[in-house]
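Student: Could we go through this one together? I'd like to learn how the terms are applied.

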Amino acid sequence: MPADELTRDDVLKVAQLARLSLTDAEVGAYQAKLAQMLDYIQILHEVNTDDVEPMAHAVEVQNVFRRDETLPSLTPVEALANAPKTDGRYFLVPQILDH
Amino acid sequence: MNHTVIIGLEVHVQLQTKSKIFCGCSADFNPDHPNVQTCPVCLGLPGALPVMNREAFELGVKTALALNCEISSYTKWDRKHYYYPDLPKGFQISQFDLPFSEDGFLEIETNPETGERRRIGIIRAHLEEDAGKNLHDDAGRSDSQVDLNRAGTPLLEIVSQPDMRTAAEATKYLQELRLLLTYLGVSDCNMQEGSLRCDANVNLHIHQDDGHKVPTPIVEVKNLNSFRNVEIALEYEVQRQLEAFKATGIKFGDKGGHKTTRGFDAGTGKTTPQREKEDSADYRYFPDPDLLPVTVTEDYISSVREALPEFPADRRKRFVAAYQLSDYDVQVIVDQGRGFGDYFEEVAKLCGDGKQACNWVTQDILRELKERKLEFSEFPISAPVLGDLLGRITKKKLTTKSAREIFMDLLDGNGASTARIDEIIAAKGLAIVEDTGAIEKVIATVIDKNAKAVADFKAGKQAAVGALIGQVMREVKGADPQKVREMLIAALSQR
Ligand SMILES: [Zn+2]
């Protein structure tokens with residue numbers, strides 16, 4: 001999409017997908033910054049890639065596996081340590097409405 | 001209104017590994033002890049590095065080969081982004097544009113009467129990590145609880161083509177798939193514990209008078225966690241879509257005719273609308289930079305293929321040919337699972353009579369399992385012992401009636417061994433009397449005492465023999481009734 005077509009609604013949609021709440025001023029600021037990024041991608045589009053193999057991953061290494069062996073896990077106390085809210089056994093989150 | 005039903009299934013299978021797909025936490029089902037199987041990787045803590053579990057990959061390849069899929073020579077991992085409390089990283093590691101396998105099929109029986117079979121296409125099978133589990137306060141008053149033991153356990157997602165035309169076919173496909181997965185030993189497929197989960201995409205093609213077909217809006221039905229639910233939910237949904245189309249005429253692609261998600265409520269037997277699914281672009285898939293691509297060689301594929309066990313479909317064909325059994329009998333044996341089929345085959349080989357082995361396993365054993373509420377794995381008589389018992393019938397050392405009596409005794413909890421069979425035979429005098437001299441003597445006495453029966457026989461009443469056999473058998477316990485009948489007829493004919 002050409003950068004000048006990036007609308008406020010596009011910015012709001014991307015923000016919603018990332019669960020970010022933006023002020024009106026921020027929406028305007030991000031609209032400009034995101035447009036700049038898209039402009040940059042437009043420049044990359046100009047490169048002729050006819051003879052370049054598609055690359056799915058930036059690292060050359062492949063096939064790194066681990067054996068199917070269990071390792072000690074964290075204790076529940078450690079696992080829950082950073083949670084905003086717990087009951088000592090579970091992570092607690094605000095009531096999920098749409099189950 | 002004529003219509004064709006179009007159903008495709010998305011099945012998620014938990015692979016039976018010891019550890020999770022990208023970390024060393026235990027992958028065991030453990031709902032009673034929440035949040036004891038987590039680590040920085042599966043909690044999505046900063047700086048953690050996931051590493052692929054080789055066994056999970058191999059179980060995936062095994063399954064894909066059994067589903068006749070092509071294995072890609074190059075595959076990679078992608079992040080699928082969405083926000084839900086059971087997904088600690090804010091994305092699920094999955095496979096998007098380069099799944100490790102594509103384009104296979106599974107053959108199912110579509111008409112039990114004619115035995116007609118059809119291939120259901122498999123679009124793709126890919127690996128991904130499972131999410132944790134949310135527990136809701138049904139009263140809706142307090143917070144929801146999140147258990148992340150399951151987060152990061154390996155899942156195989158198997159996506160079928162929309163090739164099923166009835167709810168019954170969809171159920172059949174799921175059953176055949178489950179059977180195959182348990183034969184392969186890649187998953188326990190326990191639907192109650194969620195190791196096999198099923199979503200269905202369903203819509204109708206309404207036939208118009210001018211010959212062309214109009215599609216109704218596609219609905220993804222979620223939460224089909226039993227075979228029964230699959231059938232009930234799809235039948236309900238088909239009817240609902242038909243009525244909705246009659247009432248509104250809205251077709252797929254119209255305003256208000258986009259794809260929607262509905263949940264199945266087992267309590268009411270109905271499907272109800274769920275949150276709108278973000279469309280695929282909104283998942284913002286991109287290659288996971290922490291995980292490395294996997295390349296697969298032909299050698300690797302061959303080695304996995306060679307280690308595959310016999311598939312249920314092949315076993316059915318082989319059993320019919322090798323043991324002269326009916327399609328129906330073989331279906332019953334094979335559908336009970338791999339262990340049951342192995343058991344049957346061992347018994348059949350040991351006793352040398354496939355039909356007899358089949359009768360015992362499909363009738364006596366299945367009946368006793370049902371009455372005693374036992375799993376097959378708990379059945380107390382081992383294949384060598386039953387094989388030995390039935391072998392004695394084949395060798396005419398035991399009558400079928402006596403063998404049944406011994407079979408029931410072996411189930412009484414005092415052990416079931418071949419030595420015990422010998423003991424029971426000795427204690428109850430069940431051995432077939434092969435001393436024809438002794439039998440002849442008894443026959444002579446019985447004939448002398450039953451002048452009327454002899455006269456009836458002479459007059460051509462074959463039935464008269466029956467009464468005499470009974471009398472002889474009472475005198476010589478353990479005589480082979482067939483043998484007694486032959487000897488009696490011979491003796492009577494000489495009178
Ligand atoms: Zn972990």
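Tutor: Happily! In this predicted model, chain B has an open sheet of three strands in the order β6-β5-β17, with antiparallel pairing. Residues are numbered from 1 along each chain as written, and chains are lettered from A in the order written. Local features need pLDDT of at least 70, side-chain atom pairs count only at pLDDT 80 or more, and totals for chains, interfaces and linings use all residues.

Student: Why do β6 and β17 of chain B stand at the edges?

Tutor: β6 (91-94) and β17 (286-287) each have a single partner strand, so one side of each lacks a neighbour in the sheet. Strands here are DSSP runs of E, at least two residues, numbered from the N terminus.

Student: How do you know that β5 and β6 of chain B pair?

Tutor: Pairing requires at least two bridges found by DSSP between two strands. Strand β5 (residues 78-81) and β6(B) have four bridges, in the antiparallel sense, so they pair by that definition. H81(B), for example, stands opposite F91(B).

Student: What makes β2 of chain A and β10 of chain B a pair?

Tutor: The same definition, at least two bridges: three bridges join β2 (residues 91-93) of chain A to β10(B), running antiparallel. Among the partners are F91(A) and V146(B).

Student: What makes residues of the two chains count as in contact?

Tutor: Their C-beta atoms, placed from the backbone, must lie within 7 Å. By that rule, 41 residues of chain B are in contact with 34 residues of chain A. β10(B) gives the most to chain B's side, with four residues.
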